[in-house]
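Dear colleague,

Please find below the structure that I am handing over to you, followed by a summary of what was found in it. I would be grateful if you could read the summary alongside the coordinates.

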Amino acid sequence: RSGRSAALRARMEERLLGARFRYLNQQLYTGSSRDAERLFRADPAAFHLYHRGFERQVRRWPERPVQRIVRYLRRRPASLVVADFGCGDCTLAASVKNKVHCFDLVPLSPRVTVCDMAKVPLAAESVDVAVFCLALMGTNLQEILGEANRVLKLGGTLMMAEVASRFEDTCAFLKAMTMLGFRTVSKDLSSSYFYVLEFTKTGPARPGPAPGLRLRPCLYKRR
Ligand code: SAH
């Protein structure tokens, strides 16, 4: 009766949310970062829905990738200035002593500077560590990583945590990263959920195409 219909309704709502999340997620991974900016500007509620879905996905994993970035930063001097591209709820900034510039499309926290990650309001060569934690969603990867290169100091660090299944050809990807001015320092491919890659900025990004710089969209199956 009323208990059962409430339960049924809750289940239906769950399903709808799941379907909307998967649809939004697909849009984010198949369009440019500018399309994502437009999407969320037009519909901020979509962003909150997206984040609820994202949280549910990541909670299933044995470890949150952002915790790996937190551990990494805690081993290094707290004086390093960090830029967190696609910071979400700012877990990273809240977990370390460093100065962290937080960028996202919608502010889940007052720390966030709202902008498209392909164009962040930071001076050239002003940060020591750039972070992309499950945030490389736009198809304009090269432009986004070029922006990270621009704001990083020479010798600065790029930390990337990405869903393992997104990598088609890790070798080709790392080779393309050298074209963008990044040398691989370490790669942890041990988790079947996500890879953690560490790069150093060796110089400015070289102009021209960087074939191999490809990530598959991360599409979730209906459960
Ligand atoms: N780094 C956080 C959040 C990951 S979810 C964590 O690990 O918990 C990916 C985030 O990237 C989302 O918050 C999404 O809004 C953001 N994002 C996606 N495209 C973006 C863009 N073009 N500019 C800025 N942020 C973007």
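Which atom of the ligand lies 3.5 Å from a backbone N or O atom of Ser33? In this predicted model, the partner of the Ser33 backbone atom is a nitrogen atom of the ligand. Gly86 also places a backbone N or O atom 2.8 Å from a ligand nitrogen, and for Met117 the corresponding distance, again from a backbone N or O atom to a nitrogen atom of the ligand, is 2.9 Å. The protein buries 97% of the 570 Å² that the ligand exposes when taken alone.

As to location, the ligand occupies the largest cavity. Its surroundings comprise 18 residues, of which His51, Gly86, Asp104, Met117 and Cys133 come nearest. By class, eleven residues of this shell are nonpolar, four are polar and three are charged.

Both domains take part in the shell: domain 1 (1-59) and domain 2 (65-201) each supply at least three residues. Helix 3 (residues 44-59) provides the largest share, namely three residues.

With kind regards

Key:
Residues numbered from 1 in each chain as written. Predicted model: local features only at pLDDT ≥ 70, side-chain atom pairs only at ≥ 80, totals over all residues. Heavy atoms only, no water. Near = heavy atom within 4 Å. Polar contact = N/O pair within 3.5 Å; in protein donor to acceptor, adjacent residues only side chain to side chain. Areas by Shrake-Rupley, 256 points an atom, 1.4 Å probe, with all protein chains shown as cover. 1 Å grid on protein atoms, 1.4 Å probe; cavity = no way out; pocket = protein on both sides within 12 Å on 5 of 7 lines; lining within 4 Å. Sits in = over half its atoms within 2 Å of the grid points. Helix = DSSP H or I, 4+ residues; strand = E, 2+ residues; numbered from the N terminus. Nonpolar A, V, L, I, M, F, W, Y, C, P; charged D, E, K, R; others polar. Domains from an automatic or database assignment.
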